[in-house]
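Work through the exercises below with the sequence and the model at hand. Try each task before you read its solution.

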Amino acid sequence: MSVSTLTYEECTQRVDEFLNDYRGDVYVEEGAADCSKFPCPRGLDDWSGETNAIYVYDVSTGEEIFSCAYWQ
């Protein structure tokens with residue numbers, strides 16, 4: 001599942017909400033993100049180029065299970 005927000009604080013809140021509901025071992029990583037892989041955040045008319053994101057991976061499979069991109 002991929003989501004996007006305007007701010008880093010909103011993004012960390014969304015990640016925390018996901019982690020509170022997820023039952024399993026995870027690791028979290030921050031990195032660059034291609035805007036085209038994420039929905040445009042509410043409040044922006046356009047969303048393109050590169051931004052930042054927080055990624056959550058399942059430890060046992062290494063699979064990305066959640067990601068949140070943020071604009072600022």
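Two strands pair if DSSP finds at least two bridges between them. Helices (H or I, at least four residues) and strands (E, at least two) are DSSP runs, numbered from the N terminus. This is a predicted model, where local features need pLDDT of at least 70, side-chain atom pairs count only at pLDDT 80 or more, and totals for chains, interfaces and linings use all residues. Residues are numbered from 1 along each chain as its sequence is written, and side-chain values use heavy atoms, with hydrogens and water left out.

**Exercise 1. Trace the pairing around β3, and find the residue with positive phi in the β3–β4 turn.**

Solution. Start with β2: this strand pairs with β3 in the antiparallel sense, over 9 bridges. V28 stands opposite V56 of β3. Now turn to β4. β3 and β4 are also antiparallel, with 6 bridges. Here V56 has F66 as its bridge partner. The two strands form a hairpin with 5 residues between them. In the turn, G62 has a positive phi of about 75°. Finally, check burial (under 20% relative accessible area is buried, over 50% exposed, in between partly exposed; 1.4 Å probe, protein chains only). In β3, 7 of 9 residues are buried.

**Exercise 2. Determine which residues of α1 are buried, and what covers them.**

Solution. The buried residues are C11, V15 and F18. They lie on the same side of α1 because they cover an arc of only 60° around the axis. That arc is taken from the directions from the helix axis to the C-beta atoms. On the other side, E9, N20 and D21 are exposed. The cover over the buried residues includes β1 (2-5), β3 (50-58) and β4 (64-70); contact here means heavy atoms within 4.5 Å.

**Exercise 3. Explain why C40 forms no disulfide.**

Solution. A disulfide is a pair of cysteine sulfur atoms within 2.5 Å. The closest cysteine sulfur to that of C40 is in C35, 8.5 Å away, so the two are too far apart for a bond. Compare their exposure. C35 is buried at 3% relative accessible area, while C40 is partly exposed at 35%. Across the whole structure, the search finds 0 disulfides.

**Exercise 4. Describe the surroundings of D34.**

Solution. Place D34 in strand β2 (residues 26-34). Its relative accessibility is 37%, so D34 is partly exposed. Its side chain makes a polar contact of 2.9 Å with that of S36. Such a contact is a pair of N or O atoms within 3.5 Å; within protein, one must be able to donate a hydrogen and the other to accept it, and residues adjacent in sequence count only if both atoms are side-chain atoms. The C-alpha atoms of D34 and A69 are 8.9 Å apart, with the residues 35 apart along the chain.
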